[in-house]
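Visitor: I would like a close look at one part of this model, a strand and the sheet around it. Please start with how it is paired.
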Amino acid sequence: MTAVSRLRQRYWTTAFRQSSFGRAVIRRLPVRVKQGLRAGYRWQHRAAGRLRTRWRRSLQFRVVSTTLLLCVLVIAVLGYFLVETIEADLLASAEKSATAQAAAGRSTILGLSNVLVLQQPEPDSPTANAPNVAFVAARAALDQGGSAGNYLVAVYLTDPQADPQAASVPWVAEISSTSATYSFSPSATISSGPTGLLAGVSQEQSDEKFDNQYVPVPQYQPTTLVGNDGQSLGPALAVGVPLGPYYQLYYVYPLTSEQSFLLLVQRVLVGVGLALAVLLAAIASLVTRWVVLPVRHAAQAAQRLSAGHLEERMRVLGVDDLAALATSFNEMASSLQGKLRELEELSKVQRQFVSDVSHELRTPLTTIKMAADLLFQSRGELEPGPARSAELLQSQLERFETLLVDLLEISRYDAGAATLDADLVDVCDLVRNSAGDAQQLAERRGGRIEFRLPATGCFAEVDRRRVERILRNILVNAVEHGEGKDVVVTTAMDNDAVAVSVRDYGVGLRPGDEQQVFERFWRADVSRARTTGGTGLGLAISLEDAHLHGGWLQAWGERGKGSVFRLTLPKLAGHELAGSPLPLDPDDAELTSGANGHRPIPHDQDHRDDLA
């Protein structure tokens with residue numbers, strides 16, 4: 001995750017904490033609450049970080065997580081539609097049976113001989129008054145259904161003017177034996193609004209013609225069963241049908257059994273869905289593991305192969321695509337091992353050849369050098385032409401001898417035979433001792449070498465001969481490429497390391513030359529002559545000397561601004577470096593040293609820059 005995305009995620013929390021309201025809220029929180037919030041935030045941040053890391057690094061985790069998420073989503077969608085379908089079917093079945101029973105109950109009541117629901121109620125008659133007729137009709141409707149039903153019956157008196165008792169007691173209810181636990185309130189259960197069931201039945205009652213040809217259509221509506229105490233008793237289905245002009249018959253069917261069945265279906269679907277999702281995730285994990293494990297083995301084998309274990313191979317199982325991958329990897333490793341062995345043999349032969357040639361050339365070179373010395377000493381007695389030739393012969397023989405010494409030193413590093421003879425010395429003294437030849441060259445070019453050394457010295461366990469060679473090479477290199485300008489040498493130390501930087505203001509380096517400058521026989525400008533007799537191996541040997549100490553030799557350069565070579569060595573031989581006391585960037589170095597450029601760098605100054 002990039003820094004921009006992390007800032008976007010934390011924007012709202014940061015904005016809240018920085019707002020006046022957020023600061024006021026945070027100040028008023030108890031200390032324990034603040035500590036708990038901080039701990040929770042840190043835990044959440046760590047958990048999210050671990051999850052993101054696992055998601056990025058594990059293919060198996062991504063596949064299993066995606067499979068599980070998609071399975072849960074698909075099962076949830078299918079389960080929702082399945083539950084909705086079952087619920088609709090249950091309700092349709094209940095509506096069909098309820099309307100059929102309501103029609104049958106109406107027919108039964110109309111066929112009674114002891115009460116006549118089509119006649120106007122007689123308030124003074126003990127049997128023909130409206131409440132008695134409604135009671136007998138409700139009992140007859142209840143008995144018509146038998147003992148197998150689970151429903152409630154209510155008769156509504158629609159004409160209070162025909163019987164004054166209907167105004168005070170408009171409802172007469174009966175409850176079946178299987179529904180005896182219900183305390184039924186018809187007026188609260190059956191909706192009486194403009195769109196309610198009571199209004200629909202009343203409209204059907206007003207349209208009834210009271211002949212043998214017209215059959216009213218039962219009206220139904222889902223409702224909530226309400227007890228006499230006003231408490232909801234669960235969902236129900238209410239069905240109503242008119243009984244002539246004075247009465248209305250209603251059936252109320254509690255849907256508790258359908259609701260229980262629907263809840264059971266939901267639980268079964270949830271359980272089966274979760275089990276199916278876990279099973280699919282396990283199958284995805286198993287299948288992914290079959291694919292990921294060989295890939296992981298290939299990655300591990302490649303890592304060991306890159307670490308130098310050229311004998312590393314993969315197991316080949318079967319003849320499938322993964323077996324082909326393992327076979328191809330093993331063939332590649334075998335080919336690579338063979339090529340590397342050939343290169344090692346060739347490199348060994350080359351190093352041996354260079355070493356042998358260097359040794360063999362020393363004897364004739366010594367003889368030629370003795371003869372050249374005699375000619376050089378007698379050049380005053382020679383003509384100008386032969387005298388100049390003797391001088392050139394002497395200088396080129398010295399360069400040839402230096403080249404042989406460098407070749408022998410490089411061959412020792414290539415053969416791994418270089419050793420470190422460390423001793424506690426003052427690096428400032430080594431800087432002064434190494435600057436002799438470079439100082440003379442700088443004076444001939446019209447410049448000088450400026451030293452910025454601590455007064456108390458910089459002591460470290462180093463190989464005196466190798467460190468002086470490093471300093472001599474980078475100083476001569478700075479003077480030669482400094483275009484006659486001054487060279488600044490700065491030394492500093494901290495608790496772990498000592499550093500020396502050499503700054504010149506010459507031609508500088510092109511981008512990318514910071515690494516190539518340490519290659520063998522590399523030159524920044526191929527047209528530039530080596531006036532000081534350089535061999536092209538000095539900086540390469542210096543880099544090897546620095547690495548032998550466990551140190552760094554780094555370069556910085558920019559065209560037209562000069563260059564910086566910085567040597568960083570551990571104060572104790574064998575210790576690992578964590579940073580350098582001096583910056584590599586010359587702008588930081590000059591800012592540290594002060595505006596006048598002459599104040600020494602303090603010992604305790606600690607400038608750390610990362611390794612490239």
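In which sense, and over how many bridges, do strand β10 (residues 497-504) and β12 pair?

Guide: The pairing of β10 with β12 is antiparallel and runs over eight bridges. Before going further: this is a predicted model, in which local features need pLDDT of at least 70 and side-chain atom pairs count only at pLDDT 80 or more, while totals for chains, interfaces and linings use all residues. Residues are numbered from 1 along each chain as its sequence is written, and side-chain values use heavy atoms, leaving out hydrogens and water.

Strands here are DSSP runs of E with at least two residues, and helices are runs of H or I with at least four, both numbered from the N terminus. Two strands pair if DSSP finds at least two bridges between them. In general, strands of a sheet pair through backbone hydrogen bonds, either parallel or antiparallel.

Two residue pairs help to locate the match between β10 and β12. Val498 is opposite Leu569 of β12, and Ser501 has Arg566 of β12 as its bridge partner.

β12 also pairs with strand β11 (residues 552-558), again in the antiparallel sense, over seven bridges. In that pairing Trp556 stands opposite Val564 of β12. β11 and β12 make a hairpin with three residues between them. One residue of the turn is Gly560, whose phi is positive at about 85°.

Strand β12 covers residues 562-570, and nine of its nine residues are buried, so the strand is largely enclosed by the rest of the structure. Buried means under 20% relative accessible area, exposed over 50% and partly exposed in between, with a 1.4 Å probe and protein chains only. The burial applies to both faces of β12. Gly562, Val564, Arg566, Thr568 and Pro570 point one way, Ser563, Phe565, Leu567 and Leu569 point the other way, and all are buried. Polar residues are therefore included in this burial: Arg566 and Thr568 belong to one face, and Ser563 to the other.

The whole sheet is open and has five strands, in the order β7-β9-β10-β12-β11, with mixed pairing. Its edges are β7 (449-452) and β11, each of which pairs on one side only. From one strand to the next the twist averages 15°. Helix α17 (residues 538-548) packs on the sheet and touches β11 and β12, and its direction makes about 135° with that of β11. For such values, axes are lines fitted to C-alpha atoms, for helices over the stretch in contact, and angles run from 0 to 180 degrees between N-to-C directions.

The strand also meets Leu471. Leaving aside neighbours within four places in sequence, Leu471 is in contact (heavy atoms within 4.5 Å) with Leu567 of the strand, and also with Leu430, Val431, Ser434 and Val500. In the largest nonpolar core, which has 39 residues, Leu471, Phe518 and Leu553 touch the most other members. Helix α15 gives the most to this core, with eight residues. Such a core is a set of buried Ala, Val, Leu, Ile, Met, Phe, Trp, Tyr and Cys residues joined through side-chain atoms within 4.5 Å. In soluble globular proteins, nonpolar side chains tend to be buried together.

α15 spans residues 464-480, and the loop between this helix and β9 (487-493) contains Glu483. The phi of Glu483 is positive, at about 60°, although the residue is not a glycine. Most residues other than glycine have a negative phi. Glu483 counts as partly exposed because its relative accessibility is 44%, whereas the residues of β12 are buried.

Two cysteines can be added to the picture. Cys458 is buried, with a relative accessible area of 0%. Cys71 is buried as well, with a relative accessible area of 13%. Cys458 is in no disulfide, and the nearest cysteine sulfur, that of Cys428, is 4.0 Å away. A disulfide is a pair of cysteine sulfur atoms within 2.5 Å, and by this rule the count is zero.

To return to the strand itself: β12 pairs with β10 over eight bridges and with β11 over seven bridges, and nine of its nine residues are buried.
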